[in-house]
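Biologist: Could we go through this one slowly, asking at each step what stands behind the words?

Modeller: Gladly, let's look together.

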Amino acid sequence: MARRATGGKGGTRGAGGGAGAGVKAARRPEIRLPPLEPFGGGELEPDGDYDGLEFVQADFAGQDGGGARFMDCALTGCALDETRLHHARLLDSVLTGARGVGTDLAESTLRDVELVDARLGGVQLHGAVLERVLVRGGKIDYLNLRTARLKDVVFQGCVLVEPDFGGARLERVEFVDCVLKGADLTGATLVDVDLRAAAELDIARGVDRLSGAVISPTQLLDLAPVLAAERGIRVDGGAVEG
C-alpha cells in the first residue's frame, strides 16, 4: 500500500526548500508500491477496477476507461492517444514515460500520484482534482486544467507549453526548475503558489491573478511589460523634449 509524504506539513519554505516569504510548502507524494501483478492484457473497461497492477508498454490508444479506478498501480511507457479516462480515479500510483495526444482525464481524481517523463499533448484535465501530485520531467503541450482544483502539486523539471489554468484553484503548488510558456491564469485563484524556482515564467493571460503567488525580483522585471499592458500603461523609451 502506498504511503503519503508529510514533508512540509504546516511549514514554509522558499525556492529549493529554503525558508522564505511565508509560503506554505506543497506536500509531495511518497509512494511505496506493493508487489505488483502484471496486467493481463486486453482493453480498458469503463468503470473498471485495477488494483496492484503493472502496465508495461500497454497501448490504450482510443480505448474507453471512463470511471475506472487505478489503485497502487505502475504504468510504464503506455500509449494514451485519445484514451478516454473521464471521471477516472488514479490513486497511489506512478506513471512513467506516458505518451499520447488528446488524453481525456476530465473531471478525474489524481491523489498521491507521480507522473514522470511524460510526453503528452492536449491533455484534458478540466474540472479534475489533483492532490499530492508530482509532475517530474517530460513535456506537456496544451494542458487543460480549466476549473480544476490543485492542492499540494509540484511541477519539477518539466516543460509546460500553453497550460490553461483558467478558473482553476491552485493551493500549495510549486514550480521547480520547470518552464512555463504562454500560461493562462484567467480567473484562477492562487494560494501559496511558489513560482520563484521556475526556470522560465511566461504568462500570456491573467497576470492580474498572481495575488497569492510569490515570484522572484527577476521574474517581476520579466513580467513588467505584461503587467503594464494589463493595466493599460504605455511604456515609451523615447527622450522627453524640453
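Biologist: Why is aspartate 184 called buried?

Modeller: Keep in mind that this is a predicted model. The relative accessible area of aspartate 184 is 8%, and buried means under 20%, so aspartate 184 earns the word.

Biologist: What makes aspartate 184 and arginine 205 a salt bridge?

Modeller: Their closest N and O atoms are 3.2 Å apart. The cut-off is within 4 Å for a side-chain nitrogen of Lys or Arg and a carboxyl oxygen of Asp or Glu, so this pair counts as a salt bridge. Arginine 205 sits in strand β17 and aspartate 184 in strand β15, so the pair ties together parts that are 21 residues apart in sequence.

Biologist: And why is arginine 205 called partly exposed?

Modeller: Its relative accessible area is 45%. Partly exposed lies between the 20% and 50% limits, so the label fits arginine 205.

Biologist: How do you know that aspartate 164 forms a salt bridge with arginine 146?

Modeller: The closest N and O atoms of this pair are 3.1 Å apart, and the limit is within 4 Å. The two residues are 18 residues apart, with aspartate 164 in the loop between β13 and β14 and arginine 146 in the loop between β11 and β12.

Biologist: Which of the words buried and partly exposed goes with aspartate 164?

Modeller: Aspartate 164 is buried, because its relative accessible area of 17% is under 20%. Arginine 146, at 36%, counts as partly exposed.

Biologist: What makes arginine 169 and glutamate 171 a salt bridge?

Modeller: Here the closest N and O atoms are 3.5 Å apart, and the rule asks for within 4 Å, so the pair passes. Glutamate 171 is buried at 18%, while arginine 169 is partly exposed at 37%.

Biologist: How many salt bridges does a search of the whole structure find?

Modeller: The search finds 14. Salt bridges also link Arg111, Asp112, Glu131 and Arg132 in a network.

Biologist: Now to the strands. What makes β10 and β9 a pair?

Modeller: Three bridges join them in the parallel sense, and pairing takes at least two, so they qualify. One example is arginine 99, whose bridge partner in β10 is arginine 119.

Biologist: How many bridges join β10 to strand β11?

Modeller: There are 11, and these strands run parallel. Arginine 111 has glutamate 131 as its bridge partner in β11.

Biologist: Why is β10 described as mostly covered?

Modeller: Of its 13 residues, 10 are buried.

How values were computed:
Residues numbered from 1 in each chain as written. Predicted model: local features only at pLDDT ≥ 70, side-chain atom pairs only at ≥ 80, totals over all residues. Heavy atoms only, no water. Buried < 20%, exposed > 50% of the residue type's maximum accessible area, 1.4 Å probe, protein only. Helix = DSSP H or I, 4+ residues; strand = E, 2+ residues; numbered from the N terminus.
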